Amino acid sequence: MSLENVYDYFRNYDKQTYQVVACKGNEPSEQDIKDFEQQYHRKLPDDFREFMMSQLGGLYMEVREEVWPRAKQFDIGPFWSFCRGIIVYGIANGIPEFLDIREKTKELHEDGFTDYIPFLSIMGNGDEIFCFDKDNNIVLLDYFMTGEVTPIEGTFADCLMKQIEELEDRKNRKLRGEDKVN
């Protein structure tokens with residue numbers, strides 16, 4: 001899969017269902033990316049670099065509240081029913097801290113996970129984060145619980161499209177009422 005599939009998806013996504021925010025108009029320069037890479041002594045994968053410099057870099061995508069109401073305190077349901085969006089970290093002028101790859105990488109490294117550069121997380125699942133390892137392989141890091149990593153096959157574009165497809169599936173399950181506890 002290529003980034004073109006990702007770009008095609010966002011040209012045609014359902015704006016009534018999803019709220020999407022990205023760095024459109026505040027894309028980082030090549031030098032911004034190089035500065036980040038130099039700070040962490042690695043070159044990021046080409047497709048991720050391209051994505052970060054596109055209008056979609058620093059991506060926040062979630063199912064709108066009117067479609068998928070937010071859980072309230074003490075709500076009970078299957079784990080998936082709390083995972084209503086995705087975040088792809090980026091570099092952009094004025095990017096909020098929670099979307100900033102520089103902030104997320106600093107946090108991860110301060111917590112001892114210096115072999116990883118975080119790039120994607122699922123909203124509602126703060127335990128796990130998708131990262132590039134030292135060889136730019138994609139891994140899923142169990143950040144809060146065990147510190148273990150699970151290798152993920154494919155490219156950044158593959159990983160992002162798979163997470164978008166899984167979000168679509170969770171949204172459809174939510175709309176069918178599959179999250180109801182008996």
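The mean positions of the 22 positive and 36 negative charges of the chain sit 5 Å apart. In that count Lys and Arg are the positive residues and Asp and Glu the negative ones, with His and the chain ends left out; each charge is placed at NZ of Lys, CZ of Arg, CG of Asp or CD of Glu. The model is a predicted one, so to speak of local features takes a pLDDT of at least 70 and side-chain atom pairs count only at pLDDT 80 or more, while totals for chains, interfaces and linings use all residues. Residues are numbered from 1 along each chain as its sequence is written, and side-chain values use heavy atoms, with hydrogens and water left out.

On to the overall build. The chain has 5 helices and 7 strands, where helices (H or I, at least four residues) and strands (E, at least two) are DSSP runs numbered from the N terminus. Going along the sequence, these elements come in the order α-β-α-α-β-β-α-β-β-β-β-α. The C-alpha atoms fill a box of roughly 50 × 40 × 30 Å along the principal axes. A compact globule of 182 residues would have a radius of gyration near 16 Å, and the chain agrees with its 16 Å; the radius is taken over C-alpha atoms, and the globule rule is 2.2 Å times the number of residues to the power 0.38.

As for surface and interior, the accessible surface of the chain comes to about 9,700 Å², and 47% of that belongs to carbon and sulfur atoms. These areas come from the Shrake-Rupley method with a 1.4 Å probe, and for residues only the protein chains shown count as cover. Of the 182 residues, 47% count as buried. Buried here means under 20% relative accessible area, exposed means over 50%, and partly exposed is in between (1.4 Å probe, protein chains only). Contacts (heavy atoms within 4.5 Å) often reach far along the sequence: among those between residues at least 6 apart, 62% join residues at least 24 apart.

Helix α5 deserves a paragraph. It covers residues 156-175, and at 1.5 Å a residue its 20 residues should span 28 Å; the end C-alpha atoms are 29 Å apart, which agrees. That expected span is 1.5 Å times one less than the number of residues. The buried residues of α5 are F156, A157, C159, L160, M161, Q163, I164, L167, R170, K171 and K174. E166, also in α5, is partly exposed with a relative accessible area of 29%. Its C-alpha atom is 18 Å from that of R70, 96 residues away along the chain. After the helix comes G177, with a positive phi near 80°.

F156, found in helix α5, is buried, with a relative accessible area of 1%. Setting aside neighbours within four places in sequence, F156 is in contact with L3, D47, F48, F51, V88, F119, F132 and I138. From F156 to D46 the C-alpha distance is 9.1 Å, although the two are 110 residues apart in sequence. D46 belongs to helix α3 and is exposed, at 57% relative accessible area. D46 and K24 are 22 residues apart in sequence, yet their C-alpha atoms are 20 Å apart in space.

Another buried spot is I129 in strand β5, which counts as buried at 3% relative accessibility. Not counting residues up to four places away in sequence, I129 touches Y89, K104, P118, L120, S121, V139, L140, L141 and Y143. The C-alpha atoms of I129 and E62 are separated by 17 Å, with their positions 67 residues apart along the chain.

Two loop residues have a positive phi without being glycines. H41, with phi of about 55°, lies in the loop between α2 (30-40) and α3 (46-52). H41 is exposed, its relative accessible area being 73%. N136, with phi of about 65°, is in the loop between β5 (128-132) and β6 (138-142). N136 counts as partly exposed, at 25% relative accessibility.
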